[in-house]
Every structure is written in C-alpha cells, then in structure tokens.
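Work through these short exercises with the structure open. Try each task before you read its solution.

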Amino acid sequence: MKTSSRPKQLSGPDGTMVPVVALKHRDRWIIGVLALAVFAWLFSSLATNPNIKWDKVAEYLFFPKIIDGIWVTIMISIVATVLGLVLGILLAIMKLSHNPVLNWLSTLYIWFFRGTPVLVQLIFWYNLAFLFPRLVIKIPFTNIGYWWDTNDVMTGFNAALLGLGLNLAAYFAETVRAGIQAVDKGQTEAAYALGMTPVKRMRVIVLPQALRIIIPPTGNEFISMLKTTSLVYVVAGNDLMTNASQIYKQNNLIMELLIVASLWYMVMTAIATFFQSKLETRYGAEAVRLVRRPGFIQRALLKRTPLPAAGTAGITLTAENSVKAGKDLT
C-alpha cells in the first residue's frame, strides 16, 4: 500500500514543532470543474443533435468505398513520405555542398516549394497537360524515344504522389541538413584522416549517425502527411476524403460522412503516433553516438594503451566500453 512521504510536522524558527497543513488549491478545482462542464455541454450537444443520424454514421463506417479510400490514403502517405525523404537527403547534401551552383539550386527548390501552398501545387501537377500535352523521353537532337499523353500519366493518384512528395522534400531537406550538421565535426576530420573521399565519408560516417537524428522527426512528418492527404480531394485521388465526398454528394449526408472520415483519420493518426513514440524511444534518447564498432587501427591502438600501474584497480574492457573507447580515440 502506497504511503505518503509528506511529514506531518516541521521544526519552526524557535525549535517548536509546527503541523504541516496541505494547501487546498480551490482555484484549480473550480477551473477544472468549469472546463469539464463546458466539455460535457459540447459533447452532449453533438451526441444529442437531432440533425446527426448516428445510425448512418455506423452504417458508413465500414462501407467498402470508405475502406478503399483508407488504403489509398495510407499508400499515398507512405510513398510520398519515402519520396520526400529520398529527395530531402539529396537536397540537403546539395545545400551543404561546396559547389555554389548545387547550393543555389537546392536553396531555390526549398524556397519555391515551401513558399507556395501545397493545394496550389496539387492543382498544378494535375493540370500539367495544359503546359505539356505530351511527356517525351528521347535522345537529344534525334527523334528516337517515347512519349505519353500527359492526361493518361498525371492521374489524380499520380498528381497527389508527385505534389505531396515534392512538397515534403523541401521540409525534409531542412531536417536532414540539421541532422547532418549535428554530427560531431571530429567524425568528419577522422574520416579525412583515414583517407576517405567526401562521398564515402558522407555514406559511411555522417549519414548513418545523422539518420538517428532524422528518423524521429520523420514520424511527425508522416502523421502530418496522413491528414494532408485530405487535400487530394481537389484532384480526385480516390483517397478517404475523396470517396467520402463522392458519397455525401449522392445522399446529402454531409455531416455523417465527415464524422466517418474524421474517425478514421483519428484512428490512423493514433496508430502512427504509437509507432512514432516507439521510434523516439529507440532513437531519441541518444541521438548522436558512434554506430560502428572500433576499426582495426583503433583496436590496435587500444592494445598499446599502457596497463594500469601496479597497486591500482584494473579496468576490464567489456564490449560496451570498447565501443566508447573507440569513439574517444576517433
């Protein structure tokens, strides 16, 4: 049984024992009761509203067209997030490059896609045929190649993937750039000292450590993407919101279908939040650390480390502190 550790008496200025009186905090209780009353009133107004047909909400909650929209929403979220992450890494490397042209192009991309609304970008990609009626891939200055009708390629689904993925890449680029810059500069100097090229240094040393910092924010971006997919409604991408809107345009059950869509978005967000918290627990506690065991040179140097002097306590080099020692040597 849990017992309170609060003392019942304390010594006063003159040495006499004074009883400890707990504060009542009546203001906290009053504010809490008022907040609960407002919440109960709002919930009751919604639950007992005669204009909401809750039986229709239950009927359409597992409607096949709604379930199909959920799968499309999840697919768009996953593919657009992966596309954004890959392009974001490339843009971050370009922005950190010493080449001024690559740096300028990366800055321009990030400025453009962060400076324009994602809704405008979705409509732009969906109507790309107005600019380019045909998409052509051919050998320059020849007629050898292939072409496709833009309207056949740029469907609502493809326009959604392209618009959301390219927009997310601009935000991921800044996240990845911050993750790369958070890696200790000593790691880069050690890589150069070992004779690594810049590409190998980035691939073997910097990116593996930066990813440990980048992965937790990726979960946040994915959760945000789940809800941003509702904008795909404007290009008819067959996602959850698109299918719900197509149903309520036929039966006029607008609020009921919006409640159904909201419930499914909340379920998907809750599941994604659960896995995102697992990622933060796994990678967030120790964001930057050496992810590789000590190499051959480091192990050789460890063997040459002088033994403790006689009479002093010896140190047992376990596998765990061997990795730490390797980091210190690096």
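**Exercise 1.** Decide whether R177 is buried, partly exposed or exposed in this predicted model.

*Solution.* Step 1: take the relative accessibility of R177, which is 21%. Step 2: recall the cut-offs, with buried under 20% and exposed over 50%. Step 3: R177 therefore counts as partly exposed.

**Exercise 2.** Find the salt-bridge partner of R177 and place both residues in a helix.

*Solution.* Step 1: look for a carboxyl oxygen within 4 Å of a side-chain nitrogen. Step 2: E174 fits, with the closest N and O atoms 2.9 Å apart. Step 3: both residues lie in helix α7, residues 156–182. Step 4: E174 and R177 are 3 residues apart, about one turn of the helix. An α-helix has 3.6 residues a turn, so residues three or four places apart point the same way.

**Exercise 3.** How many salt bridges are there, and what does K56 pair with?

*Solution.* Step 1: the count comes to 2. Step 2: K56 pairs with E59, and their closest N and O atoms are 3.4 Å apart. Step 3: both sit in helix α2, residues 54–61, 3 residues apart. Step 4: K56 has a relative accessible area of 28%, so K56 is partly exposed. E59, at 43%, is also partly exposed.

**Exercise 4.** Compare the span of helix α9 with that of a straight helix, then locate the kink.

*Solution.* Step 1: α9 covers residues 198–228, which is 31 residues. Step 2: a straight helix would reach 45 Å at 1.5 Å a residue. Step 3: the end C-alpha atoms of α9 are only 37 Å apart. Step 4: a kink of about 45 degrees lies at V206, shortly before the proline P208.

Note on methods
Residues numbered from 1 in each chain as written. Predicted model: local features only at pLDDT ≥ 70, side-chain atom pairs only at ≥ 80, totals over all residues. Heavy atoms only, no water. Helix = DSSP H or I, 4+ residues; strand = E, 2+ residues; numbered from the N terminus. Buried < 20%, exposed > 50% of the residue type's maximum accessible area, 1.4 Å probe, protein only. Expected span 1.5 Å × (residues − 1). Bend = angle between axes of the 7 residues up to and from the residue.
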